[in-house]
Amino acid sequence: MGFLPFRRRPSRASPPSPAHIRPHSRPVTSCPLLPGSVRTTRAVPSDRGGKMGGGTPRLAKSVAKGGGAQKRKVSGSADASEAGGVSGSPGSSASEKRPKREKDSIVTVGKQTSGIKNKIARSELYGKLKHHKALERKKKRSVRQKEEERAVAAGEVPKPRQVPKTIENQRTPDETFVEAGDDEVAEEDAEDEFASYFSSSSEPRVIITTSRKPSGEMFKFLENLFTVVPNATYYSRRSYHVQEIVKHASTRGFTDLLVFNENKKFSHGARVNGLLHVHLPDGPTALYRLSSLVLTKKIRNHGRATNHHPELILNNFSTRMGHRVGRMFASVFPQKPEFNGRRVVTFHNQRDFIFFRHHRYIFEMRKGKKAAHQGHLATAEVPVEDVEQRGRFGKGKKSKAKAKKAAKGEDDSDDDDDSDDDNSDGDGDSDEEDFSDAESDGEGGKSTRAGRKKKLAQIDGDTQSVQARLQELGPRFTLKLMSVQKGIFDSEHGEFEYVRNGETDGTKHNRRKFVL
């Protein structure tokens, strides 16, 4: 079969359209565009009477919405002023109807300088206005401080302190707030799952485990945690489910189960990120997100914990749910604190974040009487003489030695003057010398505790004061409550008392509303 010869198809001549025959009389300015597209327009001369004029210039790069049906108001246009102007923005009417807020009426420094386009001039004026405001605040502060000093000198009560507005004191009131002496809450506490612990009929026994295949960072954290929680026992997780661990722990008499979880991104470093707390044998079960973990070794000037039972501080758990969570934390620690150890474990709730801290406190006897705080405007209890002498000899070891010599010379001269004026036998001088010896011995570690106590007892009560210091023992971390489940842990058929959801608990649209 042969191939047919190729023939070119004759072209069909289309009839000439008027657009091809008639040249453009004027440039096309309007064309149907999609919503949101950008077009550039320019002033077009009108064909009426063959004269220029009659057309209004449009804004360049205007956005056509709805096929260009809406027109934007042009400032300076006579037609727009006569017609009253038509605004194309849909939110213009809403903005006119919206009532003014307090923030809109306040004229700030930024609003005063926002109209200046020159950056250098704007920054100069901004700095001058800020400096002027700071001077005004300083004058008001000095006036308030003088009034306070006058009131204290006259024996009157100074004006109440100006409390700043914070999210905590502006908190939205909740119906579930727990007040002191609430009979209903007391009846519930007498019948809940932790009643046996608070009645001292049972002591806490805690079992601690981890997620499967724990890392070395997890064991470092557990090593710090065992110094905090007494009566705690570690069991390896292996391949057991949580329900199996709960069953075995209940039969062996444990009261609480703590399961710590960590992420599995070992390439970026394993990190402890969760805690599951199951109260045995009947629940409840709480799930927390754990963050901001700092081990004891990384805390500066940390101390070493002893084996004494710690004191427990539960701070700011004010709602029914917060009260329940606080009792759950308290059930982990024995209710018999040993005050000789001076250890304190703190769970501080702030904006639904629970901060965990572990400290040791100490009370020290210091030389001299502690000055009373002169009102809320006094920033520190430092004598004026110390402030004047500060920096007199410069900085460094030599300057400190010079300052000590100068202080000793002043003390000697004062003692001589006192002895000449009072004709005393020198008992007060011997007391001061004994106290300085006790301080030096304490620093060098030569004197015993009995010797220090004996020398401190010789000093009058008017010349000494008691001051408290804290030393962090670690670890420290932050907890965020995710859910509270009734009964023991059941991921499939469990009934939840609370599940963190900003839409349901109202915390998403209101920053001043909290759950705990």
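Hi everyone. Let's start with one residue, R351: leaving aside residues up to four places away in sequence, R351 touches I167, E168, K480 and F514. Please keep in mind that what we are looking at is a predicted model.

Where does R351 sit? You'll find R351 in the loop between β9 (343-350) and β10 (353-367). Its relative accessible area is 37%, so R351 counts as partly exposed. One of its contacts is polar: the side chains of R351 and E168 are joined at 2.6 Å. You can also look across to N316, which is 35 residues from R351 in sequence, with 9.5 Å between the two C-alpha atoms.

K480, which R351 touches, has a partner of its own. K480 lies over the face of F353, 4.3 Å from the ring centre. There is a similar arrangement to look for at R205, whose charged end sits over the ring of F254, 4.4 Å from the centre of that ring.

Now to the rings themselves. How many aromatic pairs does a search of the whole structure find? The search finds 11. One of them is F221 with F260, an edge-to-face pair with 5.1 Å between the centres and 80° between the planes. This pair links distant parts of the chain, since F221 is in helix α9 (residues 216-225) and F260 is in strand β5 (residues 256-262), 39 residues apart. Are these two buried or exposed? F221 is buried, at 0% relative accessible area, and F260 is buried too, at 2%. Ring pairs also tie F221 and F260 into a cluster with Y288, F329, F333, F347, F356 and F477.

Let's stay with α9 for a moment. Its buried residues are M218, F221, L222, N224 and L225. Why do they line one face of the helix? Looking down the axis of α9, the buried residues fall within an arc of 155°, so they share one face. As a general reminder, an α-helix has 3.6 residues a turn, so residues three or four places apart point the same way. Covering the buried residues of α9 are several strands, including β3 (206-210), β5 and β12 (476-485).

Finally, the core. The largest nonpolar core has 35 residues, and those touching the most other members are F221, F260, Y288, V325, I354 and L481. Apart from that core lies another, of 11 residues, among them I207, V242, A249 and V259. Back in the largest core, the contacts of I354 include Y288, V325, F329, F347 and F477. In soluble globular proteins, nonpolar side chains tend to be buried together. Thanks for listening!

Notes. Residues numbered from 1 in each chain as written. Predicted model: local features only at pLDDT ≥ 70, side-chain atom pairs only at ≥ 80, totals over all residues. Heavy atoms only, no water. Phe/Tyr/Trp six-rings, centres within 6.5 Å; stacked < 30°, edge-to-face > 60°. Helix = DSSP H or I, 4+ residues; strand = E, 2+ residues; numbered from the N terminus. Buried < 20%, exposed > 50% of the residue type's maximum accessible area, 1.4 Å probe, protein only. Lys NZ or Arg CZ within 6 Å of the ring centre and 35° of its normal. Arc of directions from axis to C-beta. Contact = heavy atoms within 4.5 Å. Core = buried A, V, L, I, M, F, W, Y, C linked by side-chain atoms within 4.5 Å. Polar contact = N/O pair within 3.5 Å; in protein donor to acceptor, adjacent residues only side chain to side chain.
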